Amino acid sequence: MPKRNWETILRFTLVVTITAATFLYVRYSTEIKERERALEQYLATHYNISAETYSIDGTLSLSGYVYDVTFEDEPDAAYTFQVEQAADGHRVKYERADGKQPDRVATFAP
């Protein structure tokens, strides 16, 4: 193949790759924030916990979207929640607590 065709194929592949990566990043960021808001609403409605009293760190893992909640008055402990898409919105499930003597385990455990 002439050099010109290889350059065209390479350029096209690069554009498609960058476009796909941008789309996936925007989709991931949007999904993380949407589920984070669902978790905040869940904590406010079910446990009457204000969003100002904790921080949330969300990631995508093999088991889905997972969020670590760290409370201001308990900085050495993190509570892990999984937020899944459901037919009626989102389903929030408490997973576990990590750290030094987490005080709220009884609050979130079923």
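**A tour of the salt bridges and the sheet**

The structure holds 8 salt bridges, and because this is a predicted model, each stop below describes computed geometry.

Begin in helix α1, which spans residues 3-47, and select R35 together with E31; both residues lie in this helix, 4 residues apart, or about one turn. The two side chains form a salt bridge in which the closest N and O atoms are 2.7 Å apart. Colour the pair by accessibility next: R35 is buried, with a relative accessible area of 9%, and E31, at 5% relative accessibility, also counts as buried, since the cut-off for buried is under 20%.

Stay in helix α1 and select K33 and E36, which lie 3 residues apart, again about one turn of the helix. This pair, too, forms a salt bridge, with the closest N and O atoms 4.0 Å apart. Which of the two terms, buried or partly exposed, applies to K33, and which to E36? K33 counts as partly exposed at 45% relative accessibility, whereas E36 is buried, with a relative accessible area of 14%.

Now move to R96 and D98, whose salt bridge has its closest N and O atoms 3.4 Å apart. On this stop R96 is partly exposed, with a relative accessible area of 44%, and D98 is likewise partly exposed, with a relative accessible area of 36%. From here, return to E31 and R35 and add R27 to the selection, for salt bridges that share partners join R27, E31 and R35 into one network.

For the last part of the tour, select the strands. How many strands form the open sheet, and in what order do they stand? There are 4 of them, in the order β1-β2-β3-β4, and the pairing is antiparallel. Strands β1 (54-61) and β4 (89-99) stand at the edges, and each has a single partner strand, so one side of each is left without a neighbour in the sheet. Looking across the sheet, one finds that neighbouring strands are turned by 25 degrees against each other on average, with direction ignored.

Finally, isolate strand β2 (residues 64-71) and strand β3 (residues 74-86), which run antiparallel and are joined by 6 bridges. To follow one of these contacts at the level of residues, select V66 and then look in β3 for its bridge partner, which is Q82.

Definitions and conventions: Residues numbered from 1 in each chain as written. Predicted model: local features only at pLDDT ≥ 70, side-chain atom pairs only at ≥ 80, totals over all residues. Heavy atoms only, no water. Pairing = 2+ DSSP bridges. Helix = DSSP H or I, 4+ residues; strand = E, 2+ residues; numbered from the N terminus. Axes fitted to C-alpha atoms, helices over the stretch in contact; angles between N-to-C directions. Buried < 20%, exposed > 50% of the residue type's maximum accessible area, 1.4 Å probe, protein only.
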